[in-house]
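Here's a walk through a two-chain model, going from one helix to the chains as wholes and then to a few single residues. Have the structure open and follow along.

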Amino acid sequence: MNIPLFEQLHRDGFIESKTLAKVKAYDKKAPVSVHWDLLTLLYAGIFLLTTGLGIIIYKNIDSIGHIAVTISIAIGCAACFFYCIRHAKGFSFNKVESPNVWFDYILLLGCSLMLILIGYLQFQFQVFGNRWGMAIFVPMVILFIAAYYFDHIGVLSMAITNLATWVGIAVTPLHLLKDNDFRSSTIIYSAIGLGICLIIAGVYSSRQKIKEHFSFTYKNFGTHLLFIASLSAVFRFSELYLLWFLFLAGICFYYFTVAVKEKSFYFLVITAIYFYIALGYVVIRLLLKSGAEGDGSLYLSLIYLILSAVGLVALLMRYNKSFNHVSIQ
Amino acid sequence: MLAYNKTTLRNLAIHEQAEEAAHHKIISTENAKAIKLAYPVDLYIPNLFVRIGLAILTIFIVIAAVGLLAMLTGFEDAGFMLTFCGLICYGFLELMVMGKRHYNSGVDLILMISVILLLTTAVMDFLPYTVNDEVVASFCVFIISLYFALRFADGLMAVTASSALLLFLFYSIATLGSQARLMLPFIMIGSSGILYYAAKKIAARKGAFYYDFALKGMVIVALIALYVAGNYFIVREVSVEMFRFDLGKGQNISMAWFFWFWTMAVPIAYIIVGLKTKDLVFTRLGILLCVFSVLTFRYYHAILPAETAMVLAGTLIIIITYSLVKYLQQPRYGFTFEESSKKSAGSLNLEGLIIGEAFGNKNPSQQQEGTTFGGGSFGGAGAGNNY
């Protein structure tokens, strides 16, 4: 706390002497919070321990044996879920606060171990035979149940990621562009379908008040999936790219109205950026096609890029002024 | 010198303090609102996401504009062209700050970085090839970023200016010959110390109020540099790689004992100072630098295999942090585990995303014959394999 500033407030008559004394006392006595420092250290410790153990098991798998490894993972997983079930406050359609600091982390550990366990079982013992889809479907169902029963947004994200893998796409943000072959049209269509379903799930959960706070996670995954899939449709289907561009523009317009209505900066900015990329692609493509004369079309493209970006900056600034609350949603 | 109105910056600080006081229930929310109304802030400070969006768009604009000019001039007289671009960027920066009252809007930061890059490249282009590149470049960056740090009271610019100053010293002394090179670690330790005391002295002055954030950045750079300058790994590798000191087998750099002592003692000293003064900057830096020291030690003396060391260190860290969390449930010695502010819905959602990224499925699907949806790999984090 900045004492001189509060003294100024006192002089200007905004706070009483009693309050000023309170501020001074607080400033002297208030303990420093090391909450995030300790939690970060704890994460680092868990990361070191698990990575080290993983390497040791990997190096000694011949002497340990797969069955021993599987059983110990299963015991760890069961212990985590046992703890969570014992301490859980029970299901509710509303938000349930976690019973203590450790609960969320133990649940997360249990879910990760469950994924490892099922993966290991399938890889080593082929429990699901050749039905690889089942090896993703079963953990996905468990994750969704865990996310809703124990009320954990992180587990919900894991479940959605698994759902997408099951449909045939990895939606984990960083890997979205890198690993998927978006040239394949089946993947584009299924991504668009899944994106729309996720958005509907998000809207539904907020309308029906079924775990309202999960709504953002659904909408966020769905939105990025839908936008990236339709962008790649614009790039991929060269005969119909104008049609796909109209489709994308329609989605952008929908998001724009929703973002303005809900005063959401986040959706406003991502809509603007995706639309900018699509429009830039179409305009530059048209420019390069029309003017084959030397560098002329290249100049025009660069000028277009500058002007459109300036326009978008002005738009974002204007809407930022008309919104006045700060939130990710 | 300062581009912003001082009263406005002061009012901004009052807003933050009032909010903090209201959060800790020292003043009422109505009181905080009344205070905010009475001390208006007419700066343009956008929301974080708008800030990121504006920054990305500004990068597009600068790159496209420089590209356009380069094509128009036919890539000749690059120095003049870059100087021109740099000056235009600076003009826009002033326009945004003075005209549109931008304050940390994303646009201003990108423009500052562009000016530094463009003008420094231009200067390098004008100079003959015989001059020492690193000395000139670090000097240019230092001058420009110092000016920006003073004019816009920007934290990142203060960090850049301090780092550039130290690099400039390092490169200039390195050109002076082998005697100077032997003294170099001690000179750098001394300069970092002076930088730290300078920052503390300036911070104690009355007018430094507006540069609070910039001075904090300067302190962090000085503290890191103080450690790095005497770190055994850095001193040894710089001597061998940059200065071509020939170290035969069994030979060591001179005063090796001092640098080992420095590597081990400085992080511990930082943690102790941090705990005594309750300054979290010191403890956090101390813990980070401890990691660096352990890695330095392991680089030369690997006693345990890496995985055993990881398991041991991980177990130790978990036990210590767990008992600290238990111990600090009640505030003790001026520290507490209690959060200083409640998690917002936004940070919870972000945490969820990060968990999805870190623990989620990392395998792309592969087209598999015989499966309906073409899903190939399974959701096993850690046991991931392709089929």
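Which residues of α12(A) are buried? They are A:Y241, A:W244, A:F245, A:L248, A:I251, A:C252, A:Y255 and A:A259. Those residues cover an arc of only 125° around the axis, so they sit on the same side of α12(A). Keep in mind that this is a predicted model.

**Helix α12 of chain A**

What does that buried side pack against? The buried residues of α12(A) pack against three helices of chain A: α10 (185-207), α11 (215-236) and α13 (265-290). Flip to the face turned away from the buried side and you'll find exposed residues, namely A:L243, A:L246, A:F253 and A:K261. As for length, helix α12 of chain A runs over residues 241-262, and its 22 residues should span 32 Å at 1.5 Å a residue; the end C-alpha atoms are 31 Å apart, so the two values agree. Just after α12(A) comes A:K263, which has a positive phi near 50°.

**Helix α12 of chain B**

Chain B has its own α12, made of residues 280-300. That helix has 21 residues and reaches 31 Å from its first C-alpha to its last, close to the 30 Å expected at 1.5 Å a residue. Its buried residues are B:L280, B:F282, B:T283, B:L285, B:G286, B:L289, B:S293 and B:T296. Look at the start of α12(B) too: there, a side-chain oxygen of B:D279 comes to within 3.1 Å of the backbone nitrogen of B:V281.

**The chains as wholes**

Chain A comes to 14 helices and 1 strand, and chain B likewise has 14 helices and 1 strand. Here are some whole-chain values side by side.

| Property | Chain A | Chain B |
|---|---|---|
| Buried residues | 47% of the 329 residues | 44% of the 387 residues |
| Contacts between residues 24 or more positions apart, out of those with a separation of 6 or more | 63% | 61% |
| Exposed area | about 16,300 Å² | about 20,700 Å² |
| Share of exposed area from carbon and sulfur atoms | 68% | 68% |

How does chain A's radius of gyration stand against that of a compact globule? Chain A has 26 Å, whereas a compact globule of 329 residues would have a value near 20 Å. The C-alpha trace of chain A spans about 75 × 70 × 45 Å along its principal axes.

**Two residues in chain B**

Start with B:E94, which lies in helix α4 (residues 78-99) of chain B. Is B:E94 buried or exposed? Its relative accessibility is 16%, so B:E94 counts as buried, the cut-off being under 20%. The side chain of B:E94 makes a polar contact of 2.7 Å with the side chain of B:Y90. Setting aside neighbours within four places in sequence, B:E94 is also in contact with B:G99, B:Y147, B:R151 and B:F152.

Now move to B:A55, in helix α3 (residues 48-72) of chain B. With a relative accessible area of 15%, B:A55 is buried. Which residues does B:A55 touch, not counting those up to four places away in sequence? They are B:G106 and B:I110. B:S105 is 50 residues away from B:A55 along the chain, yet their C-alpha atoms are separated by 7.9 Å.

Key
Residues numbered from 1 in each chain as written. Chains lettered and ligands numbered in written order. Predicted model: local features only at pLDDT ≥ 70, side-chain atom pairs only at ≥ 80, totals over all residues. Heavy atoms only, no water. Helix = DSSP H or I, 4+ residues; strand = E, 2+ residues; numbered from the N terminus. Buried < 20%, exposed > 50% of the residue type's maximum accessible area, 1.4 Å probe, protein only. Contact = heavy atoms within 4.5 Å. Areas by Shrake-Rupley, 256 points an atom, 1.4 Å probe, with all protein chains shown as cover. Polar contact = N/O pair within 3.5 Å; in protein donor to acceptor, adjacent residues only side chain to side chain. Expected span 1.5 Å × (residues − 1). Arc of directions from axis to C-beta. Rg over C-alpha atoms; globule rule 2.2 N^0.38 Å.
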